[in-house]
Structures are given as C-alpha cells and as structure tokens.
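Here are my notes on the model you sent over. I've numbered them so we can go through them one by one.

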Amino acid sequence: MCELFGSCSDHQLVLNEYLKEFYSHSIYHPNGWGLALLDGNEAHIEKEPLQADKSLYLQECLSVPVQGRMVLAHIRYATIGNVEYCNCHPFTGKDCSGRRWTLIHNGTIFEYEPLNGTAARQSGDTDSERILLYLLEQINREIRGKGIPDAARRFQLLNEIICQMASGNKLNLIFSDGEYEYVHTNYANSLYQMRSTP
C-alpha cells in the first residue's frame, strides 16, 4: 500500500522537515514518489518512479525551502500498474469549468465497473488515475446539468461518489480542488474538507 501526506493552511508553511521524515518511509514504499505544491488553480508537480530515499532529484528539491499553503506528497507501493513515471502520484486534471483537481490515493479498487470507462483516457494503468478521471467525469456531468456547484454542493457530490466507489474497495484519498483539501479514509461518510484561504 502507498503512503499519503497532506498539508492545508491559511498561510505558507515550510515543510522540508515533515517531507524528509515522510519520504524516509520509502523503504516500505519503493515504487515512486511525488510532490504537489498547489496554489489556487495551479499545481506544480514533481514525481519520479524511484524509491524516494534513493532519488538525487528529490534530495535537490528538498535542499531549498519547500513551502505552500496546500501540499500533497505520495510514496508508492505498486499494487496496480507498472513502476513508471505515468503511474506515479499525484494525478491532476481540470473539470469543464477550468477548476483544477489533484489527487493522491492509497488502496486498491477491486471492482467498480463505472471506472472501466475511464481506462481509455488515462496516461498510465493505475486505478488511482482512473479515480481522478471518474471524479472529473461526474463533476462535469453536474456542471453541465445544474451549473458550477458551490462548495457545499461539491462536498455533497464528492461524498456521494466516494461512498459508492468505496464499497468493497480500499479507498484512502487526499485531493484538492484548489480551494479545499479533501481527505477520505476507508469508511463510509468519512470525507472531510479544509479550506485554504490566503
């Protein structure tokens, strides 16, 4: 299984020491690492299909202050998908309103038929990327049918989607819409959100 790290604050935090500790766990999650610095609708993502504590590039990234109000980090233990760049987390994409969504996942989707339709659009071959594509698909359906959802409706919609998807699967998520960071653990109705405001 993978390991997830998320930070959300109303001010810029320097996270190097937290990230160094987090990435030191990569001996147990050797199949890649990722880091996303989120700023509103922008996402600066670095990732590599290499064990984090063996990555010279990650060492270089952590040699300068890593700061942000919203940060996601991931270390991968591959259960579905090859060990290659396109399968490393985080995954990111925009809905049809232009809002950027960024996601990291720990777990396995054993069976959820609606995800199958997203496979042709993904870059890699992980269930995690399919989760993001499916969320975007459902958000786009909501936008086209009812208009751009406000924060309360986004939360309600996401909770409904994730509760359906989680049944019978292992689904731990941290993801962001640029305004809120959402966290879901592998239990029904366990979606939480925190707003990042300057």
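1. To start with a quick one: which residue in S4 is the bridge partner of Phe5? Keep in mind that this is a predicted model. The partner turns out to be Ala73. Another pair to look up is Leu4, whose bridge partner in S4 is His74.

2. Those pairs belong to the contact between S1 and S4, the latter covering residues 67-75. The two run antiparallel and share 8 bridges. On the general side, strands of a sheet are held in pairs by backbone hydrogen bonds, in either a parallel or an antiparallel arrangement.

3. S4 has a second partner: S2, residues 33-39, pairs with S4 over 6 bridges, again in the antiparallel sense. Ala73 turns up here too, as the residue in S4 that Leu35 stands opposite.

4. Now zoom out to the whole sheet. It is open, has 4 strands, and reads S1-S4-S2-S3 with antiparallel pairing. S1 (3-14) and S3 sit at the edges, each pairing on one side only. On average, neighbouring strands in this sheet are turned by 15 degrees against each other, if you ignore direction.

5. Is S4 mostly buried or exposed? Of its 9 residues, 8 are buried, so the rest of the structure largely encloses this strand.

6. Next, the largest pocket. Its space comes to about 150 Å³. Who lines it? The residues are Ile45, Lys47, Cys86, Pro90, Phe91, Thr92, Gly93, Ser123, Glu129, Leu132, Leu133 and Leu136. By character, that lining splits into 7 nonpolar, 3 polar and 2 charged residues.

7. Which elements do those lining residues come from? S3 (42-48), S5 (91-94) and H3 (127-146) each give at least two of them. H3 has the largest share, with 4 residues. Note that S3, an edge strand of the sheet, is among the contributors to the pocket lining.

8. Finally, the cysteines, in case you were wondering about disulfides. How many does a search of the whole structure find? The count is 0. Take Cys86, which is in no disulfide: the nearest cysteine sulfur belongs to Cys88 and is 8.2 Å away, whereas a disulfide needs the two sulfurs within 2.5 Å. Cys86 is also one of the residues lining the largest pocket.

9. One more cysteine for your list: Cys96 has a relative accessibility of 40%. It counts as partly exposed because that value falls between the 20% limit for buried and the 50% limit for exposed.

Terms used. Residues are numbered from 1 along each chain as its sequence is written. This is a predicted model: local features need pLDDT of at least 70, side-chain atom pairs count only at pLDDT 80 or more; totals for chains, interfaces and linings use all residues. Side-chain values use heavy atoms; hydrogens and water are left out. Buried means under 20% relative accessible area, exposed over 50%, partly exposed in between (1.4 Å probe, protein chains only). On a 1 Å grid over the protein atoms alone, a cavity is a set of points where a 1.4 Å probe fits but cannot get out, and a pocket is an open set with protein on both sides within 12 Å along at least five of seven lines; lining residues have an atom within 4 Å of a point. Grid points are joined across faces, edges and corners, and a volume is the space filled by probe spheres set on the points. Ala, Val, Leu, Ile, Met, Phe, Trp, Tyr, Cys and Pro count as nonpolar, Asp, Glu, Lys and Arg as charged, and the others, Gly among them, as polar. Two strands pair if DSSP finds at least two bridges between them. Axes are lines fitted to C-alpha atoms, for helices over the stretch in contact, and angles run from 0 to 180 degrees between N-to-C directions.
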